[in-house]
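User: I am in my first year and would like a close look at a single part of this structure. Please take one helix and explain carefully how it fits with what surrounds it.

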Amino acid sequence: MIDVQLSVDERHRAAAAALAVNDNKARLGNPGSSDKYGVDPFDSRYQSFCAEIAVSKVLGIPEPAWPLYAGGDGKVDLRTADGASVQVKYRGERQRDLATEGLDFWSELKADIYVLVWPGLEGAGSYTVVGWCTRKDFFSRVTERPPVRMKGLKYELRWQDLHPALTLGEVIKVA
């Protein structure tokens, strides 16, 4: 695992992007699904954007610009220097697994690499990059055992089964 501390400026950029995306979704009549589980949509998006910055720092690539799309980001958050697509999955609690959003995995698993991030132990602005897997790893999991229940049925990859975060720099070689 790799702990990453974000600067105040990085957190401000993530907050501004979260506000812009949420405003755009509201304007388009698509507020998102975070609030159906009692999760604040702004905080959910803000934390996810902070996690994306943390992963970009670990990969040594520019942080995302978060353009406003009518239909979302296509399930790709970042691109490595070699063009591999990366989806960052933030879980709001530690010890949580990497998981799909539902059972529609064939339309969800679009990236080459999936990275799991948790809140860090150092408080505000701290994120733990837990580990990563390839799309092939995730598809293998889908075929190995049935989905699990976590706020609905989902396919999960246990955090202990992910490639170590310290090898995240190798994603370019496996994508």
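Analyst: What follows looks at helix H2 and then at the parts of the chain around it.

The model is a predicted one, and its protein chain has five helices and ten strands. Of the 175 residues in that chain, 45% count as buried. Among the contacts with a separation of 6 or more, 65% are between residues 24 or more positions apart, and several of the contacts described below can be followed with that in mind.

Helix H2 covers residues 41–59, and its length can be checked with a short calculation: at 1.5 Å a residue, its 19 residues should span 27 Å, and because the C-alpha atoms at its two ends are 27 Å apart, the expected and the computed values agree. After the helix comes Gly60, whose phi is positive, near 70°.

The buried residues of H2 are of mixed kinds, including Arg45, Gln47 and Glu52 as well as Phe49, Ile53, Val55 and Leu59. A good place to see what H2 contributes is the largest nonpolar core, which has 30 residues, and in which Val55, Val115, Val117 and Val129 have the most contacts. At least two residues of this core come from each of strand E1 (2–5), H1, H2, strand E3 (85–90), strand E5 (113–119) and strand E6 (126–134). The largest share, eight residues, is supplied by H2. A second, separate core of 16 residues includes Leu109, Val130, Leu157 and Leu162.

To follow the first of these cores outward from the helix, look at Val115, which, leaving aside neighbours within four places in sequence, is in contact with residues including Val55, Val86, Val88, Leu98, Val129, Trp132 and Leu168. Gln87 is also in contact with Val115, and this residue lies in strand E3. With a relative accessible area of 8%, Gln87 is buried, because buried means under 20%. The side chain of Gln87 is joined to that of Asp77 by a polar contact of 3.5 Å, and its contacts beyond four places in sequence also include Lys75, Ala111, Ile113 and Tyr114.

On another side of the picture, H2 can be followed to helix H1, which runs over residues 8–27 and contains Asn22. Asn22 touches Pro41, Phe42 and Arg45, once residues up to four places away in sequence are set aside. Its relative accessibility is 15%, so Asn22 counts as buried. A further link between the two helices is a salt bridge between Glu10 and Lys57, where the closest N and O atoms are 3.2 Å apart. This pair links distant parts of the chain, with Glu10 in helix H1 and Lys57 in helix H2, 47 residues apart. The two partners are covered to unlike degrees: Glu10 is buried, with a relative accessible area of 10%, whereas Lys57 is partly exposed, with a relative accessible area of 39%.

That bridge is one of nine salt bridges in the structure. Elsewhere, Arg141, Glu156, Arg158 and Asp161 are linked in a network of such bridges; within this network, Glu156 and Arg141 have their closest N and O atoms 2.6 Å apart, and both of these residues are buried.

Terms used. Residues are numbered from 1 along each chain as its sequence is written. This is a predicted model: local features need pLDDT of at least 70, side-chain atom pairs count only at pLDDT 80 or more; totals for chains, interfaces and linings use all residues. Side-chain values use heavy atoms; hydrogens and water are left out. Helices (H or I, at least four residues) and strands (E, at least two) are DSSP runs, numbered from the N terminus. Buried means under 20% relative accessible area, exposed over 50%, partly exposed in between (1.4 Å probe, protein chains only). Contact means heavy atoms within 4.5 Å. The expected span of a helix is 1.5 Å times one less than its number of residues. A nonpolar core is a set of buried Ala, Val, Leu, Ile, Met, Phe, Trp, Tyr and Cys residues joined through side-chain atoms within 4.5 Å. A polar contact is a pair of N or O atoms within 3.5 Å; within protein, one must be able to donate a hydrogen and the other to accept it, and residues adjacent in sequence count only if both atoms are side-chain atoms. A salt bridge is a side-chain nitrogen of Lys or Arg within 4 Å of a carboxyl oxygen of Asp or Glu.
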